[in-house]
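Grab a pen and keep the viewer open. Below are some short exercises, each with a solution worked out in steps.

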Amino acid sequence: MTSSLLATALLVAAVTAATSAGGPDKSGSAMSSQCSAAAGTRGQGDSLAPGERVKVNVTVMGTRLFTHLGFELTCPTDSRKSSSIMIWRLSPTDKTIRWSAFWDGNAPPSDPNLPSEDGGGPYPEQEFPGGEHTFVVERRPAAGGVPDHMALWLQERPDRVARVRVQEGCDRLRTTTFIGSISPKFYNSGGVCGHQGMVLPPGSKVRVGVDVQSTDLGFQLVMRRPQDAAEASSAVAVTGIADDRRAWGYLARGPDGQVVSSAYLPSYRDPFGQPQLTPRLPDGEHVFVVERRPAEMAVWLEARPNLVVTAPVLQGEPLHLELHAALNRVLYDKA
């Protein structure tokens, strides 16, 4: 799918899940116990334990190219194994979802207690109507003859539950779409509890791991007051990352919307040798550091600390740090 086609399909997906806050901070469990779970305190591929419930907020803005929303539990020791539920239609009127369950991309073993696809109901013409849709995902342990399984329903329709048996060893939750995803995870560090929308005081910094899957569209690290519009905020946009993580493209702007600096990676060739104009975002996690300075925000790729990008910020104001994505953002929070 070309970048121009993707640009016509603007959507933002926000996914939230229950967990304790934490990360690779070396200060131990003391900080984790003090930091309440909030958006962005965990990331793609974190485990979902039996009895754990997650809330999933999906915001879609005017697209018919969003052909599915998938929730899968993968196996960390065998990448070929997964138990997944694919939501591929949602009725804009009565909120009916249409879904299918899979094991490793195929139909799961027959089980009268766990049907592999939805029952009757209207067939929505539109994949996902614009607006916000809230799903709930729950890992249910084996009980009453029903095996350990993942259950999923739209918050307004708890009567219509999609379920799939969890394969042994599969406990890493990922959210997928047809057009890829960008998912941030804010780590705790230096006495700062990291999460989406956190207030970052002057003199403090936070590590943000950005998991990229199958998309070349970039993202922005934004600092703003709650009342400010996105375009009236300070931001450093990441427009590309080199394969070796040693270079990255960016565009920095101040709260007045004026661009203060920019640099772009050269175009690259796809696996077929064709030149691509869109800067590349390699799959995997890319860790950035964001620091609040008295008059500016500073951002650098952790693997490239000597390339620091700054943007002016409003002084004397509490500013909130957020990650914005042009296409498909995934955030985890407690249910």
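**Exercise 1. The overall picture**

How many helices and how many strands does the protein chain have?

*Solution.* Keep in mind that this is a predicted model.
- Step 1: count the elements. The protein chain has two helices and 22 strands.
- Step 2: look at burial. Of the 335 residues in the protein chain, 51% are buried.
- Step 3: check the contacts. Take those between residues at least 6 apart in sequence, and 66% of them join residues at least 24 apart.
- Step 4: turn to the surface. The chain's accessible surface is about 14800 Å², with 51% of that belonging to carbon and sulfur atoms.

**Exercise 2. His 286 and its partner**

Work out whether His 286 is buried or exposed, and find the side chain that it meets in a polar contact.

*Solution.*
- Step 1: place the residue. His 286 sits in strand β19, which covers residues 284–292.
- Step 2: read the accessibility. His 286 has a relative accessible area of 1%, and buried means under 20%, so His 286 is buried.
- Step 3: list the company. Setting aside residues up to four places away in sequence, His 286 touches Val 208, Gly 209, Val 210, Val 212, Ile 241, Arg 245 and Leu 301.
- Step 4: pick the polar partner. The side chains of His 286 and Arg 245 are joined by a polar contact of 3.4 Å.
- Step 5: follow Arg 245 home. Arg 245 lies in the loop between β14 (234–241) and β15 (248–253). At 24% relative accessibility, Arg 245 is partly exposed.

**Exercise 3. Positive phi angles**

Find what is unusual about the backbone of Arg 245 and of Asp 104.

*Solution.*
- Step 1: recall the rule. Most residues other than glycine have a negative phi.
- Step 2: check Arg 245. Its phi is positive, at about 65 degrees, although Arg 245 is not a glycine.
- Step 3: check Asp 104. Here phi is near 55 degrees, again a positive value in a residue other than glycine.
- Step 4: locate Asp 104. It belongs to the loop between β5 (97–103) and β6 (131–140), and its relative accessible area of 37% makes it partly exposed.

**Exercise 4. Thr 74 by the numbers**

Decide whether Thr 74 counts as buried or exposed, then name its contacts.

*Solution.*
- Step 1: Thr 74 is in strand β3, residues 69–75.
- Step 2: its relative accessibility is 18% and the buried class is under 20%, so Thr 74 counts as buried.
- Step 3: beyond its neighbours within four places in sequence, Thr 74 contacts Lys 81, Ser 82, Gly 169, Cys 170, Asp 171 and Arg 172.

**Exercise 5. The cavity, and Val 199**

Find which residues line the largest cavity, then see how Val 199 relates to Met 223.

*Solution.*
- Step 1: searching the whole structure turns up one cavity of 30 Å³ or more. The largest cavity holds about 40 Å³ of space.
- Step 2: its lining is made of Met 223, Arg 224, Arg 225, Asp 228, Ala 232, Ser 233, Ser 234, Pro 255, Val 313, Leu 314 and Leu 319.
- Step 3: sort them by class. The lining has six nonpolar, two polar and three charged residues.
- Step 4: go to Val 199, in strand β11 (residues 198–199). Val 199 is partly exposed, with a relative accessible area of 39%.
- Step 5: Val 199 and Met 223 are 24 residues apart in sequence and 8.9 Å apart in space, C-alpha to C-alpha.
- Step 6: neighbours within four places aside, Val 199 contacts Pro 318, Leu 319 and His 320. Of these, Leu 319 is one of the residues lining the largest cavity.

Note on methods: Residues are numbered from 1 along each chain as its sequence is written. This is a predicted model: local features need pLDDT of at least 70, side-chain atom pairs count only at pLDDT 80 or more; totals for chains, interfaces and linings use all residues. Side-chain values use heavy atoms; hydrogens and water are left out. On a 1 Å grid over the protein atoms alone, a cavity is a set of points where a 1.4 Å probe fits but cannot get out, and a pocket is an open set with protein on both sides within 12 Å along at least five of seven lines; lining residues have an atom within 4 Å of a point. Grid points are joined across faces, edges and corners, and a volume is the space filled by probe spheres set on the points. Ala, Val, Leu, Ile, Met, Phe, Trp, Tyr, Cys and Pro count as nonpolar, Asp, Glu, Lys and Arg as charged, and the others, Gly among them, as polar. Helices (H or I, at least four residues) and strands (E, at least two) are DSSP runs, numbered from the N terminus. Buried means under 20% relative accessible area, exposed over 50%, partly exposed in between (1.4 Å probe, protein chains only). Contact means heavy atoms within 4.5 Å. Accessible areas come from the Shrake-Rupley method with a 1.4 Å probe; for residues, only the protein chains shown count as cover. A polar contact is a pair of N or O atoms within 3.5 Å; within protein, one must be able to donate a hydrogen and the other to accept it, and residues adjacent in sequence count only if both atoms are side-chain atoms.
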